[in-house]
Amino acid sequence: MSAPVGPYSPVVRAGDWVITSGQLGLKDGALVDGGITAQTRQAMQNVKDRLAEHGVGLDQVVKTLCILADLGDFGAFNAAYVEALGDHRPTRSTLGGGLVLGALVEIEAWAYAPLQG
């Protein structure tokens with residue numbers, strides 16, 4: 001896991017919820033090469049890895065917030081996003097804006113994972 005680029009937690013459990021911070025297409029501390037498709041794949045892998053730290057899978061994600069540096073990348077982003085999630089379709093908000101480190105995409109996820117007890 002790449003270290004956070006700011007003063008925040010990459011993932012937290014809050015009761016029945018597991019929430020990731022916005023994940024970039026970082027691997028070993030650097031943005032991956034290959035444009036929006038490669039960065040989306042890596043960001044989704046990072047989301048998956050953060051959730052797994054709490055025993056949660058992508059199939060438990062109910063909401064994502066996705067930020068694209070360039071909304072012109074929307075189609076390529078969607079293809080890589082669907083590739084990661086298969087037929088699972090959480091609710092999603094997608095917006096455009098500048099991102100840290102010159103990233104092309106950032107993805108935050110909320111997973112519902114009731115505590116057993």
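Modeller: Two strands count as paired if DSSP finds at least two bridges between them. The model discussed here is predicted.

Colleague: Which residue of strand 2 is the bridge partner of V11?

Modeller: Strands of a sheet pair through backbone hydrogen bonds, in either a parallel or an antiparallel sense. Strand 1 and strand 2 (residues 17–20) are antiparallel, with four bridges between them. Within strand 2, the bridge partner of V11 is T20.

Colleague: By how many degrees, on average, are neighbouring strands of the sheet turned against each other?

Modeller: The sheet is open, and its five strands follow the order 1-2-7-5-6 with mixed pairing. Strand 1 (11–14) and strand 6 (91–96) form the edges, each pairing on one side only. Direction ignored, the average turn between neighbouring strands is 10 degrees.

Colleague: What angle does helix 2 make with strand 6?

Modeller: Helix 1 (residues 35–52) packs on the sheet, where it touches strand 1, strand 2, strand 5 (61–68) and strand 7 (105–112). The direction of helix 1 makes about 30 degrees with that of strand 7. Helix 2 (residues 74–85) also packs on the sheet, in contact with strand 5, strand 6 and strand 7. Between the directions of helix 2 and strand 6 the angle is about 150 degrees.

Colleague: Is A38 buried or exposed?

Modeller: A38 lies in helix 1. Leaving aside residues up to four places away in sequence, A38 touches V32 and D33. Its relative accessible area is 19%; since buried means under 20%, A38 is classed as buried.

Colleague: How many Å separate A38 and F77 in space, C-alpha to C-alpha?

Modeller: Along the sequence, A38 and F77 are 39 residues apart. In space, their C-alpha to C-alpha distance is 9.3 Å.

Key: Residues numbered from 1 in each chain as written. Predicted model: local features only at pLDDT ≥ 70, side-chain atom pairs only at ≥ 80, totals over all residues. Heavy atoms only, no water. Helix = DSSP H or I, 4+ residues; strand = E, 2+ residues; numbered from the N terminus. Axes fitted to C-alpha atoms, helices over the stretch in contact; angles between N-to-C directions. Contact = heavy atoms within 4.5 Å. Buried < 20%, exposed > 50% of the residue type's maximum accessible area, 1.4 Å probe, protein only.
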